[in-house]
Amino acid sequence: MLRLLKDKAMSLKLKSKLMLSFMLTSVFILLLFAFIFYRYTANTLLEQSEKSTLRSLTQLESNLTHVLDTVNTVSRSILVSSYFSDELNLDEIDSSDDVRLVNDVYSYFTELMTNYEYIHSIVYYGDNGIIIGSSNQKNFFQNDRGHSNFFYQSSFYDDIKTTDGPVLCGGFNYKDFFPGSSFNSALPRYISLGRKLKTIQNTTGYVVVNIQESYLRSLYHDDSKKLDGESMLLDAHSRIISAADKSLIGTTAKMQSMDSKNAVSLTLEKGDNKALNENNQIIYYPYENYGLSIIHEVPYNDLFKDINKLKALIAWLLILFVILALVISMFWIYSITRPLNALISAMKTMGSGQIGVRMDEARSSDFGFLTYQFNQMSQNIQTLVRENQVIQEERHELALQNLQNQLNPHFLYNTLNTIKWMAIVSKADNIAQCVTALGNMLQPLFRNTKTTWCLKEELQYLTNYLCIMNYRTGEPIAFSSDIAPEILNCPVPKLLLQPLVENAITYSNPSADVKNSITLTGVQKNGVIYLLLKDNGLGISPDKLSVLQNLLASHADCTTPLDRSALPEGIGIGILNISRRIKLQYGNAYGLTVDSEEGKGTAVTITLIDSPEAHFPIS
């Protein structure tokens with residue numbers, strides 16, 4: 001589908017292409033601007049909403065803190081009261097004094113609850129198992145020596161034991177503190193403030209003051225403050241202790257920080273967390289006291305209700321801009337393409353074979369330059385046609401001369417073949433083999449006039465050369481090669497290895513105790529061919545080696561011929577020319593590197609590009 005649209009677009013006329021490009025560019029820029037503007041506006045609204053919510057929550061915090069401070073003061077007054085200054089030692093209520101003491105505690109708790117209407121019940125839990133509780137509905141006494149009551153089994157109890165100050169906890173209801181009460185769905189839920197009672201020696205008990213959850217909720221979620229969305233109150237353990245959805249109370253909320261300081265991603269144990277985070281801005285606000293924090297949800301629908309109007313306005317502006325851009329581009333592009341259309345018409349005329357077409361120069365400086373260049377091109381084509389006729393005549397003459405030159409190598413091969421058979425008749429096998437090797441060396445040079453051949457042909461040429469050199473020196477040099485099969489058909493410059501082998505033979509070790517040898521290895525790695533030629537000859541002195549390495553590493557112009565007289569003494573021109581040929585053909589990243597140790601031998605590494613598509617056919 002995309003290829004079809006691309007082919008369709010490429011087949012349009014230049015005028016249509018320019019109009020389409022202008023329209024697409026304009027629309028893209030406008031959409032990008034609209035997107036950036038919309039994102040900026042949305043982020044600004046989110047920041048303003050966050051700041052406004054935090055200001056409201058800060059104001060509501062003072063109301064909640066005031067009530068909790070008062071309840072804390074009540075718990076402290078119980079701590080210092082005469083009833084609990086010592087541990088209550090009541091096994092059973094079996095005397096009038098015991099009854100009087102318990103009734104006095106009931107009356108004391110009732111008086112406190114009367115003075116503070118938001119305190120719904122007060123319960124004392126002795127460390128010895130004595131439980132005394134009072135609410136506006138009933139009183140409660142229990143001797144729980146085994147600490148089986150829910151309070152002693154709860155994490156609330158553990159927190160109070162390990163904390164010297166007040167501890168807040170939620171998720172309890174009336175039945176938890178006053179067992180045996182008939183179930184009533186309207187019984188209040190509690191947010192409890194607990195504190196341990198201590199004497200000089202040790203802890204004697206714990207007092208829990210229960211506040212109605214609905215009352216505290218009215219303090220931190222006040223509709224008069226016009227806060228949109230829902231709020232939840234969390235304790236120090238991130239447990240929900242107050243919420244509109246009562247099923248969430250007692251569950252844990254997990255928050256993950258986002259871009260801003262107070263905006264979070266919220267995960268609840270119940271409900272659709274994905275929809276919750278996608279549809280609401282969630283603000284996390286920690287209170288300074290009692291380990292409390294509040295989570296407030298602001299629906300995006302309420303937050304962005306005004307921005308939808310902005311989206312509609314941007315859409316209408318986009319449509320209007322597209323229409324205006326279309327009209328303007330039609331007139332403007334027509335004035336631009338008119339000279340181009342005239343140029344295209346003239347070029348078609350020339351393409352039909354009418355050479356020498358000329359155009360009237362345009363008034364525009366840019367198109368005037370084009371028409372001038374077209375007229376120059378037309379004139380140059382006429383000149384080139386005439387010159388081409390002359391070249392064709394010269395090429396015909398050269399072809400005849402080339403046919404004549406081909407007779408000379410043929411005569412040379414016949415002559416060498418005659419010498420070979422004369423040597424065989426004379427039983428001079430060494431001369432016959434030497435002549436055969438020479439013929440094998442000359443034949444590919446005359447047959448293939450290109451500057452490259454495959455590595456396999458280079459090795460064959462090198463084998464014939466070594467055959468001749470072994471007869472010449474009288475002392476055969478051991479030669480071995482280990483070439484990866486996959487690179488035998490790769491193209492390499494002609495006579496790449498022969499000059500290097502010739503150097504190895506020239507500077508071989510003359511000692512009769514040394515068996516001179518030359519080894520050649522070749523591998524391909526990451527698209528690069530590495531050829532390593534090593535010998536055990538005399539090597540190169542450190543001074544000459546340093547000079548040679550610098551010359552090989554140089555990026556000097558390789559097209560300028562080398563001046564032999566300018567080279568340092570002892571540096572041959574052959575190895576430098578090989579490096580220059582490689583760099584000219586493959587680039588400065590390739591060529592030769594030399595490593596040598598005087599008296600032990602020399603190693604030459606050749607690096608070439610491996611182009612699989614340029615490999616010669618496998619023969």
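The paragraphs below lead through the chain as a whole, two of its sheets, a group of salt bridges and a nonpolar surface patch.

This is a predicted model, in which local features need pLDDT of at least 70 and side-chain atom pairs count only at pLDDT 80 or more, while totals for chains, interfaces and linings use all residues. Residues are numbered from 1 along each chain as its sequence is written, and side-chain values use heavy atoms, with hydrogens and water left out.

The chain holds 17 helices and 19 strands, where helices (H or I, at least four residues) and strands (E, at least two) are DSSP runs numbered from the N terminus. Of its 619 residues, 38% are buried; here buried stands for under 20% relative accessible area, exposed for over 50%, and partly exposed for what lies in between (1.4 Å probe, protein chains only). The accessible surface of the chain comes to about 36,400 Å², and 55% of that belongs to carbon and sulfur atoms; such areas come from the Shrake-Rupley method with a 1.4 Å probe, and for residues only the protein chains shown count as cover. Among contacts (heavy atoms within 4.5 Å) between residues at least 6 apart in sequence, 61% join residues at least 24 apart.

One open sheet is made of four strands in the order β8-β7-β12-β11, with antiparallel pairing; two strands are taken to pair if DSSP finds at least two bridges between them. Because β8 and β11 (280-286) stand at the edges with a single partner strand each, one side of each is left without a neighbour in the sheet. From one strand to the next the twist averages 20°; for such angles, axes are lines fitted to C-alpha atoms, for helices over the stretch in contact, and the values run from 0 to 180 degrees between N-to-C directions. Seven bridges join β11 to β12 (residues 293-299) in the antiparallel sense, and within this pairing I283 stands opposite H296. Between β7 and β8, which also run antiparallel, there are three bridges, and M232 has A243 in β8 as its bridge partner. The hairpin of β7 and β8 has five residues between the strands, and S238 takes a positive phi near 60° there.

Helix α7 lies across β7, β8 and β12 of this sheet and runs at about 75° to β8. Two salt bridges start from this helix, the term standing for a side-chain nitrogen of Lys or Arg within 4 Å of a carboxyl oxygen of Asp or Glu. In one of them E213 pairs with K246, with 2.7 Å between the closest N and O atoms. E213 lies in α7 (residues 213-220) and K246 in the loop between β8 (240-243) and β9 (254-257), so the pair ties together parts that are 33 residues apart in sequence. E213 is buried at a relative accessible area of 3%, whereas K246, at 30%, is partly exposed. In the other, E230 meets R217 at 2.4 Å, N to O, and this pair links E230 in strand β7 (residues 230-234) with R217 in helix α7, 13 residues apart. Here the acidic partner, E230, is partly exposed at 24% relative accessibility, and R217 is buried at 12%.

A second open sheet has five strands in the order β14-β16-β17-β19-β18, and its pairing is mixed. β14 (478-483) and β18 (591-597) are the edge strands, each with a single partner, so one side of each has no neighbour in the sheet. Neighbouring strands are turned by 15° against each other on average, direction ignored. β18 pairs with β19 (residues 601-609) in the antiparallel sense over seven bridges, and D595 has A603 in β19 as its bridge partner. Helix α17 (residues 573-586) packs on this sheet by touching β18 and β19, and its direction makes about 145° with that of β18.

A further salt bridge joins E597 and K600 at 3.5 Å, N to O; E597 is partly exposed at 45% relative accessibility, and K600 is exposed at 58%. In total, five salt bridges are counted.

The surface also carries a nonpolar patch formed by W316, I319, I323, L326, V327, M330 and F331, with about 760 Å² of accessible area together. Patches are made of residues with over 30% relative accessible area and no salt bridge, like charges being joined within 9 Å and nonpolar side chains (Val, Leu, Ile, Met, Phe, Trp, Tyr) within 5 Å. One of the patch residues, V327, is found in helix α10 (residues 307-351) and is partly exposed, with a relative accessible area of 43%.
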